[in-house]
Amino acid sequence: MKASDKPIIIEERYNASVQKVWDALTNIDRMRLWYFQNIPDFVPEEGFTTQFNVESGGRDFLHIWRVTEVIPLQLIKYSWEFVGYPGRSTSAFHLFSDNQSTLLRLVVEVQEDFPEFIPEFRRESCINGWEYFLKGNLKIFLEK
């Protein structure tokens, strides 16, 4: 993924209140149930930083997340970096409620290019990963 790429936008509607979706995105105990089980901690406050490792393709990807923007029940945004690899992106989770359901719009933007020769950093991998989490895991978690 490159900074010159257009943003990745993924939308999904959930039959759940905006509060329930917000909690799933920001409460560490709930995040571990649908997202990454090994997130050590998460606090929806600007400046909060956490790290955790994900192994893929025989490589370790030590994630560094920094919360950059929070509007409770509307927006949580954090940056993604990986120890030992160039590149930086942000993921912004926008929530829209209509009383019956909640629309989540994820916007992923790249600020610094990631290495193209690593499959996990390709645009298609990013899209597939987010669809797996948001259209699969999170939807099942919220609507059970």
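**Entry 1: Arg32 and its partner**

I began with Arg32, which is partly exposed, because its relative accessible area of 27% falls between the limits of 20% for buried and 50% for exposed. I keep in mind throughout that what I am reading is a predicted model. Which residue does the side chain of Arg32 meet in a salt bridge? I found that the partner is Asp29, with N to O at 3.7 Å. Both Asp29 and Arg32 belong to helix H2, which covers residues 28-34, and they sit three residues apart, about one turn of the helix.

**Entry 2: the other salt bridges I looked up**

I noted a count of 10 salt bridges for the model, and I followed some of them further. Arg88 and Glu112 form one, in which the closest N and O atoms are 3.6 Å apart. This pair links distant parts of the chain, since Arg88 lies in strand S5 (residues 85-97) and Glu112 in strand S6 (residues 102-112), with their positions 24 residues apart in sequence. I wrote down that Arg88 is partly exposed at 24% relative accessibility, and that Glu112 is also partly exposed, with a relative accessible area of 40%.

I then turned to helix H3 (residues 123-143), where Lys139 and Glu143 both lie, four residues apart, about one turn of the helix. Their salt bridge brings the closest N and O atoms to 3.4 Å. Lys139 counts as partly exposed at 23%, and Glu143 does so with 33%. Which residues are joined with this pair through salt bridges that share partners? I found that Glu12 and Lys135 belong with Lys139 and Glu143 in one network.

**Entry 3: the sheet**

Next I traced the strands. Six of them form an open sheet in the order S1-S6-S5-S4-S3-S2, and the pairing is antiparallel. S1 and strand S2 (49-56) stand at the edges; each has a single partner strand, so one side of each is left without a neighbour in the sheet. On average, neighbouring strands are turned by 25° against each other, direction ignored. As a reminder to myself, strands of a sheet pair through backbone hydrogen bonds, either parallel or antiparallel.

I looked at one pairing in more detail: S1 and S6 run in the antiparallel sense and are joined over seven bridges. In this pairing, Tyr14 stands opposite Thr102 in S6. Helix H1 packs on the sheet, where it touches S1, S3, S4, S5 and S6, and its direction makes about 160° with that of S5. Helix H3 packs on the sheet as well, touching S1, S4, S5 and S6, with its direction at about 10° to that of S1.

**Entry 4: Thr102**

Is Thr102 buried or exposed? I recorded a relative accessible area of 0%, so Thr102 is buried, the limit being under 20%. Thr102 is found in strand S6, and its side chain reaches the backbone oxygen of Ser17 at 3.5 Å. Leaving aside residues up to four places away in sequence, I listed what Thr102 touches, including Glu12, Tyr14, Ser17, Val18, Leu95 and Phe96.

**Entry 5: the nonpolar core**

I then went to the largest nonpolar core, which has 44 residues. Which of its members touch the most other members? I noted Tyr35, Trp65, Phe93, Leu104, Trp130, Leu134 and Leu138. The elements that give two or more residues to this core are strand S1 (8-14), helix H1 (18-26), H2, strand S3 (59-71), strand S4 (75-82), S5, S6 and H3. H3 supplies the largest share, seven residues.

I took Phe93 as an example from this core, and found that, apart from residues up to four places away in sequence, it touches a list of residues including Leu25, Tyr35, Ile76, Leu104, Trp130 and Leu134.

**Entry 6: Lys2**

My last look was at Lys2, which has its place in the segment before S1 and counts as partly exposed at 30% relative accessibility. Beyond residues up to four places away in sequence, Lys2 touches Val110, Asp113, Phe114 and Glu116. How many residues apart in sequence are Lys2 and Phe121? The separation is 119 residues, while in space they are 9.4 Å apart, C-alpha to C-alpha.

Conventions:
Residues are numbered from 1 along each chain as its sequence is written. This is a predicted model: local features need pLDDT of at least 70, side-chain atom pairs count only at pLDDT 80 or more; totals for chains, interfaces and linings use all residues. Side-chain values use heavy atoms; hydrogens and water are left out. A salt bridge is a side-chain nitrogen of Lys or Arg within 4 Å of a carboxyl oxygen of Asp or Glu. Buried means under 20% relative accessible area, exposed over 50%, partly exposed in between (1.4 Å probe, protein chains only). A polar contact is a pair of N or O atoms within 3.5 Å; within protein, one must be able to donate a hydrogen and the other to accept it, and residues adjacent in sequence count only if both atoms are side-chain atoms. Contact means heavy atoms within 4.5 Å. A nonpolar core is a set of buried Ala, Val, Leu, Ile, Met, Phe, Trp, Tyr and Cys residues joined through side-chain atoms within 4.5 Å. Two strands pair if DSSP finds at least two bridges between them. Axes are lines fitted to C-alpha atoms, for helices over the stretch in contact, and angles run from 0 to 180 degrees between N-to-C directions.
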